[in-house]
Amino acid sequence: MDGERKTSSGKVTIRDVARAAGVNPSTVSRAFARPGRVNVDTAKRIFAVADELGYRSETVHSYPVSGDGRHLNGLIAFVVADLANPIYAELVKSAQHQCLRKGFGLLVIDSEESGALEQNALRQTNVHIDGIILASSRLSDSAVRKMAETKPVVTINRSVRGVQSVIADTHEGIAQAVRHLDELGHASITYLSGPAASWQDGVRWRALTAACEARHIRLRRIMCPNPTFSGGYRCYDTYAKNPTTAVIGYNDLEAIGFIAALKAHQVAVPQQVSVIGIDDTPISALTTPALTTIRMPRRQMGEAAVQELISRLLHTAHDHTMVPIRFETTLVNRTSTAEADRLTAYAS
């Protein structure tokens, strides 16, 4: 049986996993590249089979540079999905400080949530940069891997097999958020999604699904293609057709925009609807009410990404297995959540 599952080289392939799991290879690829875009039970089966077979994509090896850095330009590209979002500004600032300490410059690229713009900008700057940090990249896995064949790449909040990543593990923070709402008596939650191309959106949806199933809480999702204040605001009309007592946004900006829409429709927060964000951006503590949210250790993540990339540029990295560098998340309880038994019939 094992011989049938492996190629002639002895390496387990994506087709082997698909055959053993009883799905198409494209479904396996999608399960790893876009968590949440595959049925939860199917994804669990695929991951279990992959672990059982020992499926591992090979590490992507980039072009060689001398150990003393003589062939380096001293410039790193840092690509963010939306510089208007405060989380990316914080990541960039921490990365820049780390670059300065290491004697490198930082080139910031705003992809504006567009994979095409992201790829084009990197293509134009490729000759000038030594390596690339992709923060919440909207590129496909294959595009990231192809890029990593020409320049060392580190991803933030995105896992691509064979490429080093720095990830905020939202599972614990989301579990805390769901437990918090459950203890307040909430039996239903709406999730305002992130962009379809967001790897983190899939991770967050899967974590929410698992946490809600464990506590027997009803969960629904509203698609929100723009993870912004206005995007969250526009979710209200869909939400009002089937309201829940609690809402969790893909990020703080969506959650704050959604709160603004609730207020505009005379719905009180948290007296009628409890709202939670994700990121703990500086503005989350300044809103009225102050936003309950899941905190990400952005400063540490930005520094870790730069450190990891530079160590690979200088060939001083001790770990070549490409194991993701993970940072824990935690719930910050403020005043946008309240006990469900205080709610009016609006969201019964």
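**Exercises: rings and a sheet**

Let's start inside: Phe258 has a relative accessible area of 0%, so this residue is buried (buried means under 20%, with exposed over 50%, partly exposed in between, a 1.4 Å probe and protein chains only). The model is predicted, so local features need pLDDT of at least 70 and side-chain atom pairs pLDDT 80 or more, while totals for chains, interfaces and linings use all residues. Residues are numbered from 1 along each chain as its sequence is written, and side-chain values use heavy atoms, leaving out hydrogens and water.

**Exercise 1.** Work out how Tyr239 and Phe258 are paired.

*Solution.*
- Step one, the rule: rings of Phe, Tyr and Trp (its six-membered ring) pair if their centres lie within 6.5 Å; planes under 30 degrees apart are stacked, over 60 edge-to-face, the rest tilted.
- Step two, the count: that rule gives three aromatic pairs.
- Step three, the geometry: Tyr239 and Phe258 sit 5.0 Å apart, centre to centre, with 85° between the planes, which makes the pair edge-to-face.
- Step four, the surroundings: Tyr239 is buried too, at 0% relative accessibility, and ring pairs link Tyr236, Tyr239 and Phe258 into a cluster.

**Exercise 2.** Find the charged end that sits over the ring of Tyr250.

*Solution.*
- Step one, the test: NZ of Lys or CZ of Arg must be within 6 Å of the ring centre and within 35 degrees of the ring normal.
- Step two, the match: Arg204 has its charged end over Tyr250, 4.8 Å from the ring centre.
- Step three, another case: Arg221 lies over the face of Trp205, 4.1 Å from the ring centre.
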